[in-house]
Structure formats: structure tokens, C-alpha cells
Amino acid sequence: MKVGGIDYRTIWLSEEDNSVIRIIDQRFLPHQFVIEDLHSVAEVVQAIKEMHVRGAGLIGAAAGYGMYLAAMEAGKTDSFDKHLQHCAALLKSARPTAVNPEQAIKRQLKAIMSASTVSEKIAIAKESAISIADEDADHCRKIGLNGVSIIEQIAKKKSGATVNILTHCNAGWLAFVDYGSATAPIYEAAQRGIDVQVWVDETRPRNQGAGLTAWELINQGIPHTVITDNAGGHLMQHGLVDMVITGADRVTRSGDAANKIGTYLKALAAHDNQIPFYVALPSSTFDWNITDGVKEIRIEERSADEVKYIEGWDGNKISKVLITPSHSPAANYGFDVTPARLITGLITERGICNSNEDEILKLFPERREPSCRD
Ligand code: MRU
């Protein structure tokens, strides 16, 4: 996607030095555009944990590139496999809810183990990291092409009047390598001349909606309005929301979807108001091994300080202020699970389906047999 007229991805290999991974450091957005160089697995792990990079698809791609650096580092030790496994464990545990890093690490381990010499292992890890990133971008592009049909139908029903879409958190291109999941159909609709307006949930505590989604939409020239997290239900009751599209961090084979905390409440409000609620995801976000999202998905708990303090631009720099009594305890659950029954449909790179096991497996028949689980 474009930033100031220049095409960017969120992560790439430095052209000057192929042992360096470059990222857009999202901690500074929307106020400053900063590119960071990552030189080691430790730096990639830190970037994922501290959310220089974030969003399921992007941390998956970062884990893929991290495994490439791990292979290079392992080549300098006397126990290649031990070092590689150690790095895989570090990358996997950096953030637990999204499944994409796990999928990328498994794919990398398989690729690396298939080669025999150290230089072949490094070469294959590099190739595979690039493929994981390219595939993420390609799948998101296809999600846009598939999902736009839903927006087109709503626009037709409204005789061309503005289609109002509510989204939560940032499942835009910043959460992936390019395009985004929830935003891809919106970008495609705008490109086709459909009149869209996006309600952007601010998404406390880290405000990825207010900071990142709003910044993306500004760059794409798409009309939008930032709202408080609790405004959605009111807007729905007053006919001001035509559909909801969110992303996901892990979706079970039966269609339960973990996404940023607060998504479940939006789904409940949408259900109560008969508003279609779609979840957009590339297939790398399915966890084929589990069925019950509420019981089986581990929800990340982050620092209480993210709730107690708020960050923003003070006119000169990014500042952090305390908004609670300093001694009040706070709890910071990162994600919640929306049960499949509240989801109208899943938008994937292979098409749109109802959120249940039978329909999902019609799109992904290779996952039908238990042996094809991960
Ligand atoms: O904590 P984050 O910012 O990494 O959370 C991920 C998200 O932004 C959302 O849950 C998003 O909707 C899914 S990621 C494509």
C-alpha cells in the first residue's frame, strides 16, 4: 500500500544487506513514520513482543523471517538443530493468541530440515520466509476481491447510497504484509467507485483503530470516523451500520474466531440488530487442530500499564499519561472469542463461507482428514 505516494510493505529483506530484516515500526504511527532494521532473532522476538510489528499476518511473516535469521545464527554454532529449535520456541512464545507465527515456524522447520548442508538450509529458509510474506500479501489481495461482492450487494440494495462499515482494531495492511484482511474488501470497493464510510473503533487499550486503521484510511483517501469502543451498539440501533468486518487472530475449524478484545461485544450487538458480521482471514489464521474457541484458544494477557496509561502526541513528541489512580490494579486481556453462531460469514482467499465446519471444509477440503491437521 502507499505511504506518501510510495509503495510499502510492512516487512521486507534489506536490499543492501540480506541478513537484515526491515520493518515499519508501528509504535510511532500515526505520528511518525519510522523504519527499523532487525539484525538478530532476539531483535525479532523483541519487535513482536513489544509490538513494533503486530497483527496476525505480520507477526507470522516476522516469525518466518526470524527463522531465516535463526538458520544463519545456527550455522555459526556447533549444534545447528538445537539452536534452531531454541529460536523457534522463542519466536512462538512471543505472542500466544495468533496462530500465524506457529504456522510460519512449522513451515520453516520443515523446509530447513529438508536441506542437507548449512548453506542449503540458510538458502531455503530465506526463500521460504519470502514465500510466507508473498503468500500473505497475495491471500489478502484475494480476500479483497472475494469480499467486495458483499459490499457491492449492500450498495445495490441501498441504490448507491453510502455503505457504512464498522471495523474493530486494525486488520488493515499494517496487520499483514500488504492489503489487510478486513480492509481489503473496503479498499477494493472504494477503488470500484462504491461510496463507503468506515466506523473505526478506537480499540482500547492500545488504540490500533484510532492510530493505525484511521492512518491507513487517510492514506487511501477513504471516508471514515473514529468512534469510542462503546459507540457501535448505538449506531447499529439507529441504522447507521450496514455491516461489520473484523479480522481474526485464530479461527477454529468450526468457525469460532479470536480477535482483539471487544470484538465479541460488537458481534452480539450486530446479531441483536440483524446486521451482517463478517470475519476476514487468510487460511494461515485457521487453527485446524481445535474446535472450541472459548475453551481452547489461549488469550494473551498483557501489561496492566497499557490500560492504566494512554499514549499520544503532545505537540512535540509521543507522551504517555496515567489515567487511573496510580495504585489501582488493572487487567489487560488482549483478545476475546466470537462464537461461530454470531458470525454471518468468513471471507478467505478461496471465497466466502458460512462459519461452520462443513462449510469451511468445502473451501479447504484438504483439511477434512484428521491427518491433515497440523
Ligand atoms: O494485538 P494486535 O494489534 O497484534 O492484535 C491483532 C489485531 O490487530 C486484531 O485482533 C486484528 O483484528 C486481527 S490481526 C489481523
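The exercises below deal with helix contacts, salt bridges and buried residues in one predicted model.

The model is predicted, so local features need pLDDT of at least 70 and side-chain atom pairs count only at pLDDT 80 or more, while totals for chains, interfaces and linings use all residues. Residues are numbered from 1 along each chain as its sequence is written, and side-chain values use heavy atoms, with hydrogens and water left out.

**Exercise 1. Find how helix α1 and helix α3 are arranged, and which residues make their contact.**

Step 1. Locate the helices. Helices are DSSP runs of H or I with at least four residues, strands are runs of E with at least two, and both are numbered from the N terminus. Helix α1 covers residues 41-49 and helix α3 covers residues 80-93.

Step 2. Compare the axes. An axis is a line fitted to C-alpha atoms, for helices over the stretch in contact, and angles run from 0 to 180 degrees between N-to-C directions. The axes of α1 and α3 come within 9 Å and cross at roughly 15°. That makes α1 roughly parallel to α3. (Angles under 35 degrees count as roughly parallel, over 145 as roughly antiparallel, 65 to 115 as roughly perpendicular and the rest as oblique.)

Step 3. Give the handedness. The crossing of α1 and α3 is left-handed. (Left-handed means that the near helix is turned anticlockwise from the far one by less than a right angle; right-handed means clockwise.)

Step 4. List the contact, which means heavy atoms within 4.5 Å. Helix α1 contributes Val41, Val44, Val45 and Ile48, and helix α3 contributes Cys87, Leu90 and Leu91. These residues divide into seven nonpolar, no polar and no charged. (Ala, Val, Leu, Ile, Met, Phe, Trp, Tyr, Cys and Pro count as nonpolar, Asp, Glu, Lys and Arg as charged, and the others, Gly among them, as polar.)

**Exercise 2. Describe the crossing of α3 and α4 in the same steps.**

Step 1. The axes of α3 and α4 come within 10 Å and cross at roughly 170°. The two helices are therefore roughly antiparallel to each other.

Step 2. The crossing of α3 with α4 is right-handed.

Step 3. On the α3 side the contact has Phe80, Asp81, Leu84, Gln85, Ala88, Leu91 and Lys92; on the α4 side it has Glu102, Ile105, Leu109, Ile112 and Met113. The division is eight nonpolar, one polar and three charged.

**Exercise 3. How many salt bridges are counted, and which parts does the pair Glu102 and Arg250 tie together?**

Step 1. Side chains of opposite charge can pair when their charged atoms come close. A salt bridge is a side-chain nitrogen of Lys or Arg within 4 Å of a carboxyl oxygen of Asp or Glu. By this rule the count is 22.

Step 2. Glu102 and Arg250 form a salt bridge with an N to O distance of 2.6 Å. Glu102 lies in helix α4 (residues 100-113) and Arg250 in strand β10 (residues 250-252), so the pair ties together parts that are 148 residues apart in sequence. Both Glu102 and Arg250 are buried. (Buried means under 20% relative accessible area, exposed over 50%, partly exposed in between, with a 1.4 Å probe and protein chains only.)

Step 3. Glu135 and Arg107 form a salt bridge at 2.9 Å, N to O. Glu135 is in helix α5 (residues 118-157) and Arg107 is in helix α4, so this pair ties together parts 28 residues apart in sequence. Glu135 is partly exposed at 33% relative accessibility, and Arg107 is partly exposed at 32%.

Step 4. Lys142 and Asp138 form a salt bridge at 2.8 Å, N to O. Because they are four residues apart in helix α5, about one helical turn separates them.

**Exercise 4. Is Leu342 buried or exposed, and what does it touch?**

Step 1. Leu342 is in the loop between β16 (335-338) and β17 (345-348). With 4% relative accessibility, Leu342 counts as buried.

Step 2. Leaving out residues up to four places away in sequence, Leu342 touches Tyr264, Ala267, Leu268, His271 and Phe277. The C-alpha atoms of Leu342 and His271 are separated by 6.4 Å, although the two residues are 71 residues apart along the chain.
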